[in-house]
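Welcome, and please load the structure in your viewer with a cartoon view switched on. We will go from stop to stop, selecting a few elements at a time.

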Amino acid sequence: MAMELSGHLAGLVPGPVLGIETSCDETAAALLAPDGTVLAEALFSQHEDHVRYAGVVPEIAARAHLARLPAMVEAVLDGQPAPAVVAATAGPGLIGGLVVGAGYAKGFALARGIPFLAINHLEAHALSARLPMLGAPPAFPYLTLLVSGGHCLLAETAGPGAHTLLGTTLDDAPGEAFDKVAKMLGLGWPGGPAIEALAVEGDAKRFGLPRPMVGRPGCDFSFSGLKTAVAVIAATYPLGALPRQDAADLAAGFQASVAASLADRAGRAMAAFVARHGYAATLVVSGGVAANGAIRARLAEACARAGFALAAPPIRLCTDNAVMVAWAAIERLRTGLAPDGMDVAPRPRWPLGAGVGEAA
Ligand code: KG4
Ligand code: ZN
């Protein structure tokens, strides 16, 4: 891997950085000053385009990115200093959207004669907690917990390009499980916010739902057994006739089980970190599921027990956005990592820590 670890401020960021995010169903562009100050930002959630299908339709997402991205970039650049670098998410994600965003960014770089960076979406989430607007940045190394609709991992983040994967999901991502369980309970999409709202009225203990992986060694995750447990109970009611209180009890139980599972897995990662380094550090949590108040509360408890600080960026920076993409580019350049060539191809699967051209 072409990297220098000779000092965090090793490289120079030559001017404003334009970031582009199109890996899922958010179209986003942002312009950051070299010090990470957000100069301008635009974000469009394609929720309306996908809601009738109760999930993201890749072809619709790609067309929507293509239709909206150019005008959004123009709006972000309006009245601002010219970008000196352009960075786009190049994976992992839906290939159609990645081709649109990375292709646009390469064209932009070529037309203006500026460097292009292919950003790993997972790395962008992992580094987002270090954005200067969030105050004191967590020092490397720290633990990253990424929990979203498409992703689920625990990693040790030692710097840009330097991540060690500690655990991942054996089946569903937690947000995916929230979305599927919401469907079973007759709630809308996306399921996370709907379940969280209904859970307030519920008794989490009533159905005695399993708490996946709790107590098991390692840091892997699993949510499909829990999802099936909810499905089996929901199937005992006539179709479409789940009483509200029962749905609320299932929602509360499911949410509590996910929270307990994430807290257990994070707890194990923190204990292993302390054993490895001899000190406690920070747990960074990112991704849409990190918006959940009950989950944040359980993670905060686990961190307090382990002596770790919890860094959870505000929700708009936890979910997909272009600020984190531009910021990841700044972090990479500062570390001395080189920009990418025009020959790099978007990668629908791109493990955290691997270079864009490296085998999985
Ligand atoms: O990070 P994100 O916006 O997009 C990606 O998947 O990359 O995450 C979306 C996921 C959806 O599955 C949604 O149901 C879940 O995050 N989510 C939540 C909450 N808000 C969004 N899950 C639990 N509780 C929430 N409040
Ligand atoms: Zn994401």
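Which residue in β10 is the bridge partner of Val284? Select Val284 and look across to β10: the partner is Ala311. Keep in mind throughout the tour that this is a predicted model.

**Stop 1: around β10**

Now widen the selection to residues 282–286, which make up strand β9. β9 and β10 run parallel to each other and are joined by three bridges. Next, bring in the rest of their sheet, an open one of five strands with mixed pairing, and read off the order β8-β7-β6-β9-β10. The edge places belong to β8 and β10 (309–311); each has a single partner strand, so one side of each has no neighbour in the sheet. Direction ignored, neighbouring strands here are turned against each other by 25 degrees on average.

Add residues 293–306 to see helix α9. This helix lies across β6 (142–147), β9 and β10, and its angle to β10 is about 150 degrees.

**Stop 2: the hairpin**

Move along the sheet and colour β7 (residues 152–159) and β8 (residues 162–168). These two strands pair in the antiparallel sense, with six bridges between them. For a landmark, pick Leu154, which stands opposite Gly167 in β8. Then zoom in on the turn: two residues separate β7 and β8 in this hairpin, and Gly161 in the turn has a positive phi of about 75 degrees.

**Stop 3: ligand 1**

Show ligand 1 as sticks and display its surroundings. There are 17 residues around ligand 1, the closest being Gly149, Asp179, Gly192, Glu196 and Gly288. Sorted by character, the shell has 10 polar residues, three charged and four nonpolar.

Which helices should you highlight here, each supplying at least two residues of the shell? Choose α5 (174–184) and α6 (191–199). The largest share, four residues, comes from α6.

Three distances are worth drawing in this view:

- From an oxygen atom of ligand 1 to a polar backbone atom of Gly149: 2.8 Å.
- From an oxygen atom of ligand 1 to a polar backbone atom of Gly175: 3.1 Å.
- From a nitrogen atom of ligand 1 to a side-chain N or O atom of Asn292: 3.0 Å.

If you switch on a surface, bear in mind that ligand 1 on its own has 550 Å² of accessible area, of which the protein covers 89%.

**Stop 4: a second sheet**

Hide the ligand view and go to another open sheet of five strands, ordered β3-β2-β1-β4-β5, again with mixed pairing. Here β3 (38–45) and β5 (116–120) are the edge strands; each has a single partner strand, so one side of each is left without a neighbour in the sheet. From one strand to the next, the twist averages 15 degrees.

Select residues 26–32 for β2, which pairs with β3 in the antiparallel sense over seven bridges. Within this pair, click on Ala29 to find its bridge partner in β3, Ala42.

**Stop 5: helices across the second sheet**

Which strands does α2 lie across? Select residues 58–77 for α2 and you will see the helix lying across β1 (17–21), β2 and β3, at about 20 degrees to β2. Finish with α11, residues 323–335, which lies across β1, β2, β3, β4 (85–91) and β5. The angle between α11 and β1 is about 130 degrees.

Note on methods:
Residues numbered from 1 in each chain as written. Chains lettered and ligands numbered in written order. Predicted model: local features only at pLDDT ≥ 70, side-chain atom pairs only at ≥ 80, totals over all residues. Heavy atoms only, no water. Pairing = 2+ DSSP bridges. Axes fitted to C-alpha atoms, helices over the stretch in contact; angles between N-to-C directions. Contact = heavy atoms within 4.5 Å. Near = heavy atom within 4 Å. Polar contact = N/O pair within 3.5 Å; in protein donor to acceptor, adjacent residues only side chain to side chain. Areas by Shrake-Rupley, 256 points an atom, 1.4 Å probe, with all protein chains shown as cover. Nonpolar A, V, L, I, M, F, W, Y, C, P; charged D, E, K, R; others polar.
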